[in-house]
Structures are given as C-alpha cells and as structure tokens.
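User: I've got a model open and want to talk through how its strands, cores and odd backbone spots fit together. Can you take my questions one at a time?

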Amino acid sequence: MKTDNHTIEQLLTTYEGHSLTDLHHANLQDRVDSKFILPLDVLPDLLKAARSHYSVLQINGKRTANYFNQYFDTQEMNFYKDHHNGKLNRFKVRKRTYLDTDTQFLEVKFKNNHKRTIKSRVRCDESIQCDDDNQSFIRKHLGVNFDDLSVSQQGGYERIALANEAIPERLTIDYNLWYQSSNGVERIELDGFFIVELKQKKYSKNSPFYQMMPTHNFSPISFSKYCIGCVLLYQQGIKYNRFKPTLMKLSSLNQQHPTAPWSY
C-alpha cells in the first residue's frame, strides 16, 4: 500500500504553518521520546484529529519533507549491540540529508541513563570523513576517531513535522520507509505503516496526541529505525531477539511484502 500523497497534502493545507525559526520551546534537542507504529490507513484520520492542536512545518512552500540517512557504526557494530543489549548511555551516528533543500548534517544521538535523548549536530558536506571539523565533532561526543567508523546502512522516508509551541511538544510522522545496505545492493521497502515520534520535555500523557491513541487501542512501542534496518538487512549475522516483537508488528502491517524474510 502506497501513501495517497494527494490526500495527505490536501489535509496539510488545513493546518497553520510554522518555520524552523518559529520554534523556541518546541525545538527539544534534549527530550524524551514516545514512539508509535500505526497502520497506514489511519493516517488521514490522525491528521484530521491533530490539526486543532498542532501546526505543521513548512519549508519552501512544502509541508512534507524527504530524508536520506547514512548511519555509521564500528566494524563490530557496537552501537547496534549496545541498543540490543539494553545499554543506556549509548550513541548513534548518522549523516542526515534534507533532500528538498540539499542540506546535510552530521548528527550524534545520545540516550542517557535517564532515558533522555540528546541530539547534537554540525553542518557537513559530501567529504564528511575528510573534514577536520567533523573529526573533532565525533571525538568530542564519542571519544573515538571518525575514521574508526564506517557506513553500516542507508535509507530514507517522507516526514510530516507537527509542533505545539505552547505545551511544548513535537510530533514527527514518518512513512514510505526504505533501507539499503551500505554497498547499495539490497533494498527493502516498508510502506504498510507509519511511525509517530512524540517528543516532549518530560513524559506526559496529557499530550493531545497521546489522548487520541486509546480511541484506536494504540500504545507506545520500542522502535529504532537504525536497529530495525540492521536486522532487516543483516539478520543472518547479528542477534536480534530484543527486536522480535517489533518485527512481528511490522510484518503484520507491511502489506506490500507479505512473504518477505522478516515475516515471523
């Protein structure tokens, strides 16, 4: 099932818009996250219900955005293993490209032992590991050399970014996910669902979005785009017991590939 982009775009025209510079309280680079995996056919109803509570990010006249990510890991895939083993004070490293504006950032996401996500980033270009500023950025945040890391996977999705500056909180809605191996050979598409990340200064069920979920019997789920991508691409060579419940849910929602190798 592919997303009906025309319907989505029409619904987003009914939202109040905001720019990146409009967010002062809802920027939330230091935050707690709650994640939901929802079937694609409820996306229009969700957007209708949310428009009285949130504004939508608009850049260059567009209210959806296309993302491309390259994730970095050690040769032993230590970042993946730390997450799989439930370690806190863990890291993820990626280069994110905003395809609509052709801007790129090198990012480090840190999950601390209070389960808060802290994101740091620096502007970069294609020569990412040859740049001294990028090398210094990685050493500062991880204490390792950037040369010790390599691209472990790549992928992308489309995103709708909603915000409520008064609460404050943000919602990101990601759909039409795809993953590709680092050598660009294998590609996996996941288009039977979308992912909502609720980003808050501190965890609260008083969120307007959270209040919508019991109506549909949806609850938060542990989900890492990076780790799920690793499992789907390399499951023959890595442990993934921790992620089997999430994989089973994705398998039930992903309608385009019912016989894909991640069906459990």
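User: How many bridges pair strand β8 (residues 150–164) with β9, and in which sense?

Analyst: Quick ground rules: this is a predicted model, where local features need pLDDT of at least 70, side-chain atom pairs count only at pLDDT 80 or more, and totals for chains, interfaces and linings use all residues. Residues are numbered from 1 along each chain as its sequence is written, and side-chain values use heavy atoms, leaving out hydrogens and water. Strands (E, at least two residues) and helices (H or I, at least four) are DSSP runs numbered from the N terminus, and two strands pair if DSSP finds at least two bridges between them. For β8 and β9 the sense is antiparallel, and the count is 11 bridges.

User: What stands opposite L171 of β9, and how many residues sit between β8 and β9?

Analyst: L171 in β9 faces L162. The two strands form a hairpin, and the number of residues between them is 4.

User: Which peptide bond in that area is cis?

Analyst: Look at P168, which lies in the loop between β8 and β9. Most peptide bonds are trans. Here omega is near -10°, and the cis bond runs from I167 to P168.

User: What does β9 do on its other side, with β10, and which residue is the bridge partner of I173?

Analyst: β9 and β10 run antiparallel, joined by 11 bridges. They also make a hairpin with 5 residues between them, and G184 in the turn has a positive phi of about 80°. The partner of I173 in β10 is V196.

User: Is β9 mostly covered or mostly exposed?

Analyst: Buried means under 20% relative accessible area, exposed over 50%, and partly exposed in between (1.4 Å probe, protein chains only). By that yardstick, 13 of the 13 residues of β9 are buried, so the strand is mostly covered.

User: Which element gives the most to the largest nonpolar core?

Analyst: A nonpolar core is a set of buried Ala, Val, Leu, Ile, Met, Phe, Trp, Tyr and Cys residues joined through side-chain atoms within 4.5 Å. This one has 28 residues, and Y80, Y179, I228 and F243 touch the most other members. Elements giving two or more residues include β4 (65–73), β9 (169–181) and α7 (244–253). The top contributor, with 7 residues, is α6.

User: And what does F243 touch?

Analyst: Contact here means heavy atoms within 4.5 Å. Leaving out residues up to four places away in sequence, the list is Y80, H83, H84, C227, I228 and V231.

User: How do helix α1 (residues 5–12) and helix α2 (residues 43–50) pack?

Analyst: Their axes are 10 Å apart, at an angle of about 5°; axes are lines fitted to C-alpha atoms over the stretch in contact, and angles run from 0 to 180 degrees between N-to-C directions. Angles under 35 degrees count as roughly parallel, over 145 as roughly antiparallel, 65 to 115 as roughly perpendicular and the rest as oblique. The contact involves I8, L11 and L12 of α1 with L43, P44, L47 and K48 of α2. So α1 and α2 are roughly parallel.

User: Is M77 buried or exposed?

Analyst: M77 is found in the loop between β4 and α3 (78–84), and its phi is near 60°, a positive value in a residue other than glycine. Most residues other than glycine have a negative phi. With a relative accessibility of 15%, M77 counts as buried.
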